[in-house]
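Hi everyone, thanks for making time. I'd like to walk through the empty spaces and the packing in one model, so have the viewer open.

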Amino acid sequence: MEVRIKSKKLKGKIIYGDFLENEKATALVIFLSGLAGGRESRLLKNSSKWFFKNGYSTLSLDLCDTTTKKSKNSLKLEDMRISMYLTGLKETMDFFRKKYPTTILIGHSFGAVISILFLEKYPKYALNTKLILWDPSILSQIAPWIKGYFRFDSHTKKYYGKGGGKKIAININFYNDLLSAKDSPDIFQSLKHKACIIGAEKGAKENAKEYFKVLRDKKGFRFHTIRATGHLFGTKKAQKELFDTTREFILHG
């Protein structure tokens, strides 16, 4: 079922998500995708179905529209700032909070960065939130990636390029946000929030290692690498290992 959350703080823009409601569930799993991903990605679709079948309600979230195919009221990637991602996630959490006292926040790629920044900005939400990072990005690496692979248009003040196999545009304010922000592993270390970190051997496993490495006290944290798979955990075998490892952390920490 598609849900539409009207933002009070983002000029009435609409946040879209695919919601699967398990009537017996007391926990909601929220999936946040990579920068150019979204709820339509195969990984999020498969993840949502699997966790729903295993007793959870699930929400695959589009904090912004990367395809520009939705209504004029949707948030567009080319207009986004980091603060807008965090506000959108907060309003989504508030929308579901009464029904689901426990939230499991699963961030893939850039979604992992947003999850970390969110818990830093809104620490009260950390009390009832479990954090899982799937093949996470590192914030300080994103600006160089944009600079190296995107074309800057001085007239529109936007960077144009490809991400996730689709044409995307990113505004200069978002780029400057990246340059001025504290790096995500440092924030993750300061949170001291127990988490499960899962890397892909042929993806961003070194990033996953970096997050685990900064922790002085590793008690309660879980680190795991899935072999012979890429950033999107594209095979059934890799996804089974990904989901089983994630669920084990959710149940037992």
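I'll go through pockets, then cavities, then cores. Keep in mind that this is a predicted model.

Okay, pockets. The largest pocket holds about 670 Å³ of space. Its lining runs to 34 residues, and if you want to centre your view, go to G34, L35, A36, G37 and G164, which lie nearest the middle. On the secondary structure side, α1 (42-53) and α4 (139-149) each supply at least two residues of that lining. As for chemistry, the lining of the largest pocket splits into 17 polar, ten nonpolar and seven charged residues.

The second largest pocket has about 170 Å³ of space. Here I can read you the whole lining: I5, K6, K8, K9, K90, E91, D94 and F95. By class, that makes six charged, two nonpolar and no polar residues. Two elements give two or more residues to this lining, namely β1 (2-6) and α2. Helix α2 has the largest share, with four residues.

Let me stop at one of those lining residues, K90, which sits in helix α2 (residues 82-96). Is K90 buried or exposed? It counts as buried, because its relative accessibility is 18% and the cut-off for buried is under 20%. So what does K90 touch, once you leave aside neighbours within four places in sequence? The contacts are F118, Y122 and Y125.

Now the enclosed spaces. How many cavities of 30 Å³ or more does a search of the whole structure find? Two. The largest cavity has a volume of about 130 Å³. Of the 15 residues lining the largest cavity, S33, G34, L61, L63 and Y85 are the closest to its centre. You've heard G34 already, among the residues nearest the centre of the largest pocket. Strand β4 (57-62) and helix α3 (110-121) are the elements that give two or more residues to the lining of the largest cavity, and α3 has the largest share, with three. The class breakdown for this lining is eight nonpolar, six polar and one charged.

The second largest cavity comes in at about 30 Å³. It has ten lining residues, with Y16, D62, C64, D65 and S74 nearest the centre. Strand β2 (residues 14-20) makes the largest contribution to that lining, three residues. Sorted by class, the lining has six nonpolar, three charged and one polar.

Last topic, the cores. The largest nonpolar core has 62 residues. Which residues have the most contacts inside it? Those are Y85, L89, F118, I146, F174 and F188. The largest share of this core, eight residues, comes from α3. Some of these names should sound familiar: Y85 also came up among the residues closest to the centre of the largest cavity, and F118 is one of the contacts of K90.

Have a look at F188 too. Not counting residues up to four places away in sequence, F188 touches I116, L131, L133, H193, A195, I197, Y211, V214, L215 and F221.

And there's another core, apart from the largest one, with 21 residues, including L43, I226, F243 and F249.

That's my tour. If you'd like to start somewhere yourselves, try K90, a buried lysine that also lines the second largest pocket. Happy to take questions.

Notes: Residues are numbered from 1 along each chain as its sequence is written. This is a predicted model: local features need pLDDT of at least 70, side-chain atom pairs count only at pLDDT 80 or more; totals for chains, interfaces and linings use all residues. Side-chain values use heavy atoms; hydrogens and water are left out. On a 1 Å grid over the protein atoms alone, a cavity is a set of points where a 1.4 Å probe fits but cannot get out, and a pocket is an open set with protein on both sides within 12 Å along at least five of seven lines; lining residues have an atom within 4 Å of a point. Grid points are joined across faces, edges and corners, and a volume is the space filled by probe spheres set on the points. Ala, Val, Leu, Ile, Met, Phe, Trp, Tyr, Cys and Pro count as nonpolar, Asp, Glu, Lys and Arg as charged, and the others, Gly among them, as polar. Buried means under 20% relative accessible area, exposed over 50%, partly exposed in between (1.4 Å probe, protein chains only). Contact means heavy atoms within 4.5 Å. A nonpolar core is a set of buried Ala, Val, Leu, Ile, Met, Phe, Trp, Tyr and Cys residues joined through side-chain atoms within 4.5 Å.
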